[in-house]
Amino acid sequence: MAQAEVAPELGEEPLVSRGTSFGEITDIVSRVTERRAPRGWRILFALSATFTAILGITIGILVWTGIGIWGNNSPVGWAWDITNFVWWIGIGHAGTLISAVLYLFRQYWRTAINRFAEAMTIFAVICALMFPTIHTGRPWFIYYSLPIPNSMNVWPNFKSPLLWDVFAVSTYFTVSLIFWYVGLIPDFATLRDRSSRRIRRTIYGFLALGWRGSHRHWNNYERAYLILAALSTPLVLSVHSVVSFDFATSVEPGWHTTIFPPYFVAGAVFSGFAMVMTLLLIARAVYGLHDLVRLRHLELMNKIILTTGTLVGYAYAMEFFIAWYSGNPYERFAFLNRAFGPYAWAYWTMIACNVISPQLFWFRRLRRSISVMFVVSIIVNIGMWFERFVIIVTSLHRDYLPSAWGMFSPTLFDILTFAGSLGLFFTAFLLFLRWIPMIAIAEVKMVVPEADPHHPGGHPLSAGGARGSD
Amino acid sequence: MSKRLPTSTPVDGRPPLWRSLGEKRDPAKRDREAVAEPAVQVPERSVLGRRRFMAISGATAAAIGLSGCMRRPEEHILPYSRAPEYVLPGIPLHYATTVHHRGEPVGLLVETHGARPTKIEGNPDHPASGGRTDAQLQALTEELYDPDRPATPLRGDERASWADFDAWWREKAAELEARGGQGLAVLAQPLDSPAMRRAREALQRRFPQARYHLWSPVPYTNARQGARLAFGQPLAVQIDFGAAQRVLALDCDFLGLEPGAIRNQRRWATQRRLLGPRDEVGRLYAVEGTLSVTGLNADHRLRLAPSRVEDYLRALATRLSRAEGVTLPDSVTAALGEPEISDVPPSWLDGAAEDLVAHRGRSAVCVGWSQPPRVHALAYALNVALGNVGRAVRFVASPADEPSSQVEDLRALTTAMREGEVDTLFILGGNPVYDAPSDLDFRGALEHVPTALHLSLLRDETSLPCEWFLPRAHPLESWGLHRGPDGTLSIQQPLIAPLRGGRSDQELLARIGGVRAWRGYDLVRAALQERLGAEGFERRWRQSLHRGVVDAPTPPLPSLPALREADLASALGEARRARPEGWEVAFIPSYQVFDGRFANLPWLVEMPDPVTKLVWDNAAYVSPASARELGMDFDEDEPSTPRLIELSREGATSLTLPVYVLPGQADHVITLPLGWGRRHVSRLGHDVGFDVYPFRTSDALSFATGVQVRTVAGEYPLVVTQSHHSMEGRPLAIDATLAEYRETPAFAQWRNPTPHVGPLWTQVNYSTPRPPAEGGTSYDLTPDPRPPAPDAPARYKWGFVVDLSTCTGCSACVVACQAENNVPTVGKRQVALGREMHWMRVDRYYQGEETEPRVLVQPVACQHCEEAPCENVCPVNATVHSPEGLNDMAYNRCIGTRYCMNNCPYKVRRFNFLDWHGDLHPLEKMKFNPNVTVRMRGVMEKCTYCVQRIQRGRIQARAERRVLDTGEVIERRIRDGEVVPSCAQACPSEAIVFGDLNDVGSDVHRMAHLDRQYELLASIGTQPRTTYLGRIWNPNPEMV
C-alpha cells in the first residue's frame, strides 16, 4: 500500500493509524477469531462462566422457593431486581445510539466501536430481559403478559407500563439483533473466505448468507443498513422512555415525574458509553487494536460521557427544584429523604459517581488518559446502578403513610443474582470476542484515507474493493 | 363384572377354548397347573382379590368420608338461626355457644362448614358480646385446630387411653374414698358455672375431705374484695360506659384487658359516636402507668406509677369531699391523709373533680384489677357519693364459691402440698407451674405430690412434672353452662366432637366425683333443669340452645348495703404510707397472649400489640426519660431499641430482657407483659418473648416497688410492624377537639380536602346499568351517559366507613380478618423484613410530647379506590374493578410483578414472598374458610371487603326474589346490614360500618355523609370507597 501523506481534514486525526492497509485491518480483526484464544481470555471466560452457573443455580432456587429469598418486602416491592433491569437496559442503550444515530449523523468515528457496542447491547438486553421475568412471583406464568389469544378472552392490560415495557424492550431487542446481524454479514463473509477448515467455512458461510461482495449486494446492504438505522433511531429514545414510564406514570412521590423520559435516556446513553469504554479498553489492550481504536475515538466517547453526565446532573437538580416548586409535601419529603434519609449514602454515591467524576473530562489530558477514562467508566456504571437503586428503593421505602415505612437490605441471593447477570453478560461477550469480528472490518475500511476515491494513494476502485473480502 | 374366563373343558359340546397353542395342543395341562397351584398359593382368605380390594377400599373410603363429615357431637345441638332443612355443602351454619373469656362468659355464634367450626362471631343476644368479639376470641378456631394438642392421655411419657385412666381412677378412688378424700385436691379455673358447681358438689359429697382451689394468674378478685371492704359483701361492680358521661379510669384498661371489655367498648362507643356537632360526647380520664388501649383513647391521660394511683385517688377524694353535693363520710375523708402528689398537675385535682361533680349521677370512677382492694373500695365510696350507683354503676352478686383471694387460696394449696397433705392433685386447665407466683414455687411443691394429673389442651410446663396428662376438650368441643355477672345464663354447646378425645373440666370433675351421668351434656341439662324446673323444660332447652342465652328472668339486683365507713376508714388509714422511691415494675396481661394461654397461637403472637406494635415478643416498657437515665442511646425513630436490662428485687429471681421505649410511660416504671417466654408449648415454645413470671411474687401480683435496674451488655432484636410513629405533619389520622368540631364541623375536609375535579375520562356510573336488551350485561362497565331511568334497579356501591372517634385500636379486626380470609402468619424474621400479611392493619401515631403523647389509631385496609392506582399498572389484568366498585384480585391471573404494591399509596397490598402455609398438619387445614382461596406463593393479596360474604348475600337475595304471575321478576336487594365484613362484625366498638352507598337509608350512607368525613390521601385523586370520620377529643377546657 502506498504510504502517501494526506493532510488530515481540518486538523482531525485520522480514524485509523496511518499506513494501516486494508489487508492489515482484515488481519488484525480476523486473526482474533482464528488463533487460539489468549490466556487472558481463557481465565476471564472460566470466571464468567462460573458466575453464569451461579446465576443458573440462583434462579433455580428463586423459582423453587420464591421471591422471598431476596430482600424485597412491603413497602419495597421492587429493589435490586428492577434496579438491575433498568441498569442493564441503560447499558444496552449505547449500542443503538452508536450504530444508528451516529450513523445517520455520519459520525465516521463510530466504525471502530459500533460492533462492540451493538454486541454489548444485545447481551445487556438479554440480561435485562431476564430480570422482569424472574422477578415475578410466578415466572412460569410470564406468558400472561403477552397478548396471546385465548378461550377466556383475557388480554394483558394495555394500560400498564409494564406491558409497554414488554413491547418496547422486545422490539428493541429484535431490531438491535437484526441490525447487528446485518452489519455482520460482510464480515462473516470475510471470515468464511479466510477459513481453511471446512467446518469453519460452513458455519461462517451459513452466517454470511451467500455474500459475495457484488455491487448489488453492497447496494442492498447499504439500503438495509440505512433503513434499520432509521428504524432504530426512535427506539433509542423510546425504550428508555418507556422504561421510565414504569415510574413516571405511578403515583409514588419520587417516581411521578415528567422529567423521567429524557432523564432516563440521557442516563442510559451515559451508562452505555461508559460500559463500551470499559470493555473496549480491555479488548484494545488484550488484542492490540490500537491502530483501529485510536485515542481519538476514546476522546470523542469521553466527550459524550461528559455531556450526558452533565445532563443527568441537571436532571437531578431539576428534580429537586420541581419537588420544591410543586409545593407537594410528599414530593418534597421524598427528595429530602433521598438526600438526607437513611439511604443518603446511596444518593451521594450516585452524585459523586455520575455528576462529579465525569467532570474530569473537561481537561484534555485526563480525557485522553487511558487509566483515567477506564476508572471513570467503571465509576460511572457504579453510579448509574445507584441511580436506579436510589430512584426505586428510596422512593418506595418511605412514601405516603409513615406507618407503612420500611427499609430494604439485600440478601446474599440479591447479590448473587446481580453478580450472576454480570457473569452471563461477560460470558456472552467473551464468546463474541472469540468467534465474531469485534470490529466492523468493512466499515473501518471505509474510513481509511485510502478508501476515498480521491485519495492520491488510493485506487479509484479501491473504495468498492476495500469493503469486500480481499 | 362377572365375566370369567371359561375353563378349557368343553361345555355343551362346543369346541374347547384355548389361549395358547400349547394349551390347544394339551388342554389338560392347564387343569393340571390349576390343581398344582393352590399348593404354592397363600391361603385364599388373605388374598386380596380385585373384588375384595374394591369392597374394602370402598368401605374404607366411605368410612373415612363418614368419619370426616360426621364429626359432630353425639348429643343434639341446634343451629342459631336460618337452619336449612339439610346441611348443604357450602352453606355455613351458625351455632350459638358461650366461652369463658377473661373473667366472664361471652356468647358467641360460631360459623361451621360441614360441621367444622371455622369462624367466631359474637352472639348479638348475649349481653357480654352484643354480636361483637375481640382478637383473642377470634383465635379460638386456631386454638381448636392446634396440631400440638396431644390426642391421648399420657402417663409419664407413655401413651394411655381414657379407659386406662378410668381404670386407674377406679382403684385410686376406692383408696381415697376410704380416707374420705383426704389427700385429694383439685386446682381449677375460676368459673361461674352452675354445671361446674354441681360437679364440684358431687365431688365434695363423695370426698368430703377433698380440697378445692382456684387459680388464674390474672385474678379479678380485688374488685370483689373491695366491695367486701366497702359493703361487707363480695359484690361485683358493673359499669355501663354508655351511660357514664364522665369516666375516671384508674389503672383500669376497661377497653382492653379488664373483664367485659367487649361490652365496655360497645357501650363506650355509644357516647363517642357523633352524628353532628350538636351531639354530646363523653369524656374519659385515664390515670395509668403504661399506655393502654384505654389510655390511648382517653381525653386526658395522667401517667402515674401504679403504686401511686392510690395517692391520686386519695387526693381526688379529699378534693371531692369538699365539693357541694358530694357526701363522703367524714371518717373516710379523715383517713385519706395527705398523699404527696406534687408531680400531679393541679388541674387533675380541680378540673377533674369539678367535672365529676358537675356530672353527678352521670359519671363513673373505675379501678383496674391491679389495684389493691382498698382503692376499689374508695372508688365505690366515691361512686356512691357522686350518686352514680344505680345509674352507670351497678353492683351485682358475684359467684358464691369464689375465694376472696386466689393467691391466698393457691398459697394454701402449695403449703398443703409441701406438707404432704396432698397425694392426688387434679389440675383442671391452667398452667400453674408457669404462671404461679414465683415465691410459692408451685413446681417445687408439685415434687411433694405423689400423683398429679393435668387436664390441659397442650402438654405444657405443668403437664411435664405430672404423672398423668389428660387431654382437655377445647371450649368449642365442650358443653357448659355459664352465669354472667348480671345473672344471664348462657349455654356452651360443642361445635364438634372432641378432635383429640378430650374431656372438659366439669366432665373430669364429675367423673372423679362419681357422677354417673358425667357427660357435659347431662351435667348442663341437669344444672339447667334445676334452675328452670321440669315443666316445659324440653322446649325451653331447645330454645336456649338455639339462642345460646337461657330465656330466664335475670335475678334482681341485690340491694346495696350501706357503706361500711369504719372498715373503709381503717383500711385506708392503716395503709397510709410514704411515697415509694426508686424503680417499680408493673405486670400487665399481654394484649396478644393474655396470661400465656394463647402463646401457641401464631395469629395472636403475630398480632401487633395495639400499643407498642411489637410482635413475637414482649419487652420491658420504659419511658424515654427513664431510658436516658439508664444511659441508653436509643434511636428516636426506632423505639424497639434492642438493649437489655437486668431487673432484680428481693425475693424474686432476677430477670434480663430487652427494653422497649414507650412514650407516655410513667418514669421509673418498668412494665412487663405477662404470658410470653413459654418453654413447653411445642411449636412456639422457643425464643418467643421473655417469661416474666419468675419476677412476680405473691405479694406483688400487679406491681412491685423497690426494684433494681441495670443495663446489660448485649442486644436482642425486637420486631415491630410500625417503626415510624409520627405522621410527619401529614393529614392522615385527622382529629379535632369538640370545640374545634363545633366551630368547623368539616374540619377533616379543611385539613384534607377531597378534590372535586374528576379524571379526564368518563367514570363508571354505578347506578344505571344498561338493560340486557341493549346489550348490557350484569358486568357491563360501559358508562352510560343517560340519566338513570326512575325505575332502574340501582346497582350496589359498596362503601366502608371507619369512625376514628370510636375506634379504640384494640386490633380485633386484624385477627378477625385473618380468620375469615385465611391470612397466613409469617414468623418473626419475616415480619422483621416487612412481610407481614395482615390485610387489615391498625396504624398508630403519636402526636405532641413524648411524655404525654396524644395517640391516634387508624385501621387501614384496601381502600377500594374508584381510580385505583394498582389496577392501571398490573400488566396482566389481575386486579380489576368490579361493577360494584370493588377492587378485585384474581389470584389465578396474578403473576406477581408487585407493581400494584409499589403503586398503592396506602401500602395495603400483601405479597406471598414465600410459601407461607408450608406443609400443614391436617388439623390446621381445618381452620380454613372454604369460601376463600388459600393463596399460593408468588401472588398478591389484599382486603376484598369480604367479597365472599357479599356473594353469599347476593345469592340469598337472588334466591328470595319473587316471580309474579305475569312473569315479571321482582329482585330483592341485599338489605342494609345483611352483608358485614369480618372486621366490621368483630369490631367491639362498632367503629366500622359497611354497606351500599347507593342505598340512601343505609347506615353507611349516613356515616359517609357526616361532616367529619374525609378520604385518606384524597389529594392523589384515588377516590377511595373507604372513608374515615375524624377523631373528636373532648378535653376538659379547665385542663387544657
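So, His881(B): this histidine sits in strand E31 of chain B, the strand that runs over residues 879-881. Keep in mind that we're looking at a predicted model here. Is His881(B) buried or exposed? It counts as buried, because its relative accessibility is 15% and the cut-off for buried is under 20%.

What does the side chain of His881(B) touch, then? One polar contact goes to the side chain of Glu866(B), at 3.1 Å. Another goes to the side chain of Glu871(B), and that one comes out at 2.6 Å. So if you've got the structure up, click on His881(B) and look for those two glutamates, Glu866(B) and Glu871(B).

Okay, moving on to how chain B meets chain A. People often quote the size of an interface as the accessible area that's lost when the parts come together. For our two chains, that's about 4200 Å² buried between them, with 54% of it on carbon and sulfur atoms. Which residues of chain B lose the most area to chain A? Those are Arg730(B), Tyr899(B) and Arg937(B), and together they account for 17% of what the chain B side buries. In terms of who takes part, chain B brings 56 residues to the contact and chain A brings 55.

Now the polar side of things. Between the two chains we count 3 salt bridges. One that I'd pull up on screen is Lys907(B) with Glu252(A), where the closest N and O atoms are 3.3 Å apart. Across the interface there are also 41 residue pairs in polar contact, counting pairs with both residues at pLDDT 80 or more. As for where the chain B side comes from, strand E29 (841-847), helix H27 (869-873), helix H28 (899-903) and strand E33 (910-911) each supply at least two residues that touch chain A. And if you sort the chain B residues on that side by type, you get 27 nonpolar, 15 polar and 14 charged.

Last bit: chain A on its own. Its secondary structure is 17 helices and 0 strands. The radius of gyration is 23 Å, close to the 23 Å that the globule rule gives for 470 residues, so chain A is as compact as a globular protein of that length. Along the principal axes, the C-alpha atoms of chain A fill a box of roughly 75 × 55 × 40 Å. Of the 470 residues in chain A, 59% are buried. And take the contacts within chain A between residues at least 6 apart in sequence: 80% of those join residues at least 24 apart.

Definitions and conventions
Residues are numbered from 1 along each chain as its sequence is written. Chains are lettered from A and ligands numbered from 1 in the order in which they are written. This is a predicted model: local features need pLDDT of at least 70, side-chain atom pairs count only at pLDDT 80 or more; totals for chains, interfaces and linings use all residues. Side-chain values use heavy atoms; hydrogens and water are left out. Contact means heavy atoms within 4.5 Å. Buried area is the accessible area (1.4 Å probe) that two parts lose on being put together, summed over both. A salt bridge is a side-chain nitrogen of Lys or Arg within 4 Å of a carboxyl oxygen of Asp or Glu. A polar contact is a pair of N or O atoms within 3.5 Å; within protein, one must be able to donate a hydrogen and the other to accept it, and residues adjacent in sequence count only if both atoms are side-chain atoms. Helices (H or I, at least four residues) and strands (E, at least two) are DSSP runs, numbered from the N terminus. Ala, Val, Leu, Ile, Met, Phe, Trp, Tyr, Cys and Pro count as nonpolar, Asp, Glu, Lys and Arg as charged, and the others, Gly among them, as polar. Buried means under 20% relative accessible area, exposed over 50%, partly exposed in between (1.4 Å probe, protein chains only). The radius of gyration is taken over C-alpha atoms; the globule rule is 2.2 Å times the number of residues to the power 0.38.
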